[in-house]
Amino acid sequence: MRALIISADNFEDSELLVPYYRLKEAGLDVTVASMNRAAIKGKHGYEVAVDKILDEVNPDDYAILVLPGGA
């Protein structure tokens, strides 16, 4: 099963990182997508690598969507 997290700079760190690591622990393939390939940075300074830009995402490839809060 695959999960998609869509986010951008200034995300709420815990709202992205907790689901990300929990889904990984459960054995899911997790992809982080954003508007460009540069790493995104949370409100509290955590950085997350971006796997795909939004144009590369096919929604049919994912069973779960996570939309973390933030600016």
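E15 counts as partly exposed because its relative accessibility is 39% (partly exposed lies between buried, under 20% relative accessible area, and exposed, over 50%, with a 1.4 Å probe and protein chains only). This is a predicted model: local features need pLDDT of at least 70, side-chain atom pairs count only at pLDDT 80 or more, and totals for chains, interfaces and linings use all residues. Residues are numbered from 1 along each chain as its sequence is written, and side-chain values use heavy atoms, with hydrogens and water left out.

**E15 and the helix**

E15 sits in helix α1. Helices here are DSSP runs of H or I with at least four residues; strands are E runs of at least two, and both are numbered from the N terminus. Beyond its neighbours within four places in sequence, E15 is in contact with V66, P68 and G69. Contact means heavy atoms within 4.5 Å. V66 is 51 residues from E15 in sequence, yet the C-alpha atoms of the pair are 9.0 Å apart.

**Overall fold**

The chain holds 1 helix and 6 strands. Their order along the sequence is β-α-β-β-β-β-β. For 71 residues, a compact globule would have a radius of gyration near 11 Å, and the chain agrees because its own value is 11 Å. That radius is taken over C-alpha atoms, and the globule rule is 2.2 Å times the number of residues to the power 0.38. Along the principal axes, the C-alpha atoms fill a box of roughly 30 × 25 × 15 Å.

Of the 71 residues in the chain, 35% are buried. Among contacts with a separation of 6 or more, 65% join residues 24 or more positions apart.

**Surface and charge**

The accessible surface of the chain is about 4,400 Å². Carbon and sulfur atoms own 51% of that surface. Areas come from the Shrake-Rupley method with a 1.4 Å probe; for residues, only the protein chains shown count as cover.

The chain carries 7 positive and 12 negative side chains. Lys and Arg count as positive, Asp and Glu as negative; His and the chain ends are not counted. The centres of the two sets lie 3 Å apart, with each charge placed at NZ of Lys, CZ of Arg, CG of Asp or CD of Glu.

**The nonpolar core**

The largest nonpolar core has 14 residues. Such a core is a set of buried Ala, Val, Leu, Ile, Met, Phe, Trp, Tyr and Cys residues joined through side-chain atoms within 4.5 Å. I5, L16, I40 and V48 have the most contacts inside this core. Three elements give two or more residues to the core: β1 (2-6), α1 (13-25) and β2 (29-34). Helix α1 gives the most, with 4 residues.

I5 touches several parts of the sequence. Leaving aside neighbours within four places, I5 is in contact with L16, Y20, V30, T31, V32, A33, V66 and P68.

**Loop residues**

Four loop residues are set out below.

| Residue | Loop | Relative accessibility |
|---|---|---|
| N10 | between β1 and α1 | 34%, partly exposed |
| L28 | between α1 and β2 | 14%, buried |
| A38 | between β2 and β3 (40-41) | 46%, partly exposed |
| E56 | between β5 (52-53) and β6 (64-66) | 37%, partly exposed |

N10 has a positive phi of about 75 degrees, although N10 is not a glycine.

L28 counts as buried because its relative accessible area is 14%. Outside its neighbours within four places in sequence, L28 is in contact with M1, A3, L23 and I64. N58 is 30 residues from L28 in sequence, and the two C-alpha atoms are 17 Å apart.

A38 and A8 are 30 residues apart in sequence, with 9.8 Å between their C-alpha atoms. E56 and A8 are 48 residues apart in sequence, with a C-alpha to C-alpha distance of 16 Å. Once neighbours within four places in sequence are set aside, E56 is in contact with R37 and D51.
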